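Q: Could you zoom in on one part of this molecule and take me through it slowly? I'm new to this, so please explain the terms as you go.

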Amino acid sequence: MSSEVRQSGLAQTPELSESLGPRGFDLMFDLVAELDLPPGSTVLDVGAREAYHCIELSRRFGFITHGIEPVRRHLGNAADALDALAAAEPEVAARICMQRASLSGWAYQTRVST
Ligand SMILES: C[S@@+](CC[C@H](N)C(=O)[O-])C[C@H]1O[C@@H](n2cnc3c(N)ncnc32)[C@H](O)[C@@H]1O
């Protein structure tokens, strides 16, 4: 048992052990693959940080990805990443849009064709 768990007084239950066994960072991509959405689908990443998921969703699935992120520093790093991506994989970068916004104060507008 770790000293942190001992100090917190938490018992090391099987349930706790399971919750401490994190799945890979790419789990989301496996879940997205199961949805079988076509290339060109539009996705929204709320809390897009430095655009990692936006980039991978565009690269792996051909999605149009919109990322919103309230932290300017993350957006600056995202812009750098997208600049580098545009040089290496312009077709992937062209499908990505990052915007400074917070979910709590943002109205997303889109048109749905039927
Ligand atoms: C775990 S990170 C997301 C990781 C990201 N999808 C990636 O590709 O690396 C969570 C992000 O949510 C952002 N966030 C926090 N509150 C938010 C809010 N109200 N609206 C939008 N984003 C928010 C944080 O600044 C942080 O960058």
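A: Let's begin with a bit of vocabulary: a residue is buried if 20 or more other C-beta atoms lie within 10 Å of its own, exposed if 12 or fewer, and partly exposed in between, with the C-beta atoms placed from the backbone. With 13 other C-beta atoms within 10 Å, Val-46 is therefore partly exposed. Two notes on how to read all this. Residues are numbered from 1 along each chain as its sequence is written. The model is predicted, so local features need pLDDT of at least 70 and side-chain atom pairs count only at pLDDT 80 or more, while totals for chains, interfaces and linings use all residues.

Val-46 sits in strand 1, so we need to know what a strand is: helices (H or I, at least four residues) and strands (E, at least two) are DSSP runs, numbered from the N terminus. The chain has six helices and three strands, and from the N terminus on they run α-α-α-β-α-β-α-α-β.

Now for the part I'd like to look at closely, the sheet. The three strands make an open sheet in the order 1-2-3, with parallel pairing; two strands pair if DSSP finds at least two bridges between them. Strand 1 and strand 3 are the edges, each pairing on one side only. Neighbouring strands are turned by 15° against each other on average, ignoring direction. For angles like this, axes are lines fitted to C-alpha atoms (for helices over the stretch in contact), and the angles run from 0 to 180 degrees between N-to-C directions.

Strand 1 and strand 2 are joined by five bridges. Pick Leu-44, for instance, and you'll find His-66 of strand 2 as its bridge partner. Helix 5 packs on the sheet, touching strand 2 and strand 3, and its direction makes about 160° with that of strand 3. "Touching" has a cut-off too: two residues are in contact if their C-beta atoms, placed from the backbone, lie within 7 Å.

Back to Val-46. Leaving aside its neighbours within four places in sequence, Val-46 is in contact with Ile-68 and Leu-103. Val-46 and Pro-70 are 24 residues apart in sequence, yet 9.6 Å apart in space, C-alpha to C-alpha.

Follow the chain past strand 1 and you reach the loop that leads to helix 4, where Arg-49 sits. Arg-49 has a positive phi of about 50° although it is not a glycine. Most residues other than glycine have a negative phi. Arg-49 counts as partly exposed because it has 17 C-beta neighbours inside 10 Å. One of its contacts is His-74, which also touches Glu-50 and Glu-69, again leaving aside neighbours within four places. His-74 lies in helix 5. His-74 and Glu-50 are 24 residues apart in sequence but 5.1 Å apart in space, C-alpha to C-alpha.

Arg-49 turns up again around the ligand. Of the 16 residues there, Gly-47, Arg-49, Tyr-52, His-53 and Leu-103 come nearest; a residue is near a molecule or strand if its C-beta atom, placed from the backbone, lies within 6 Å of it. Strand 1 (42–46), helix 4 (52–61) and strand 2 (64–69) are the elements that each give two or more residues to this shell. By type, the shell divides into seven nonpolar, five polar and four charged residues. Here Ala, Val, Leu, Ile, Met, Phe, Trp, Tyr, Cys and Pro count as nonpolar, Asp, Glu, Lys and Arg as charged, and the others, Gly among them, as polar.

Helix 4 has buried residues as well: Cys-54, Ile-55, Leu-57, Ser-58 and Phe-61. They pack against several elements, including strand 1, strand 2 and strand 3. Some of this belongs to the largest nonpolar core, where a core is a set of buried Ala, Val, Leu, Ile, Met, Phe, Trp, Tyr and Cys residues joined through C-beta atoms within 7 Å. Of its 14 residues, Ala-51, Cys-54, Ala-78, Leu-82, Ile-96 and Met-98 touch the most other members. Helix 4, helix 5 (72–88), helix 6 (90–93) and strand 3 (96–100) each give two or more residues to this core, and helix 4 gives the most, with four.
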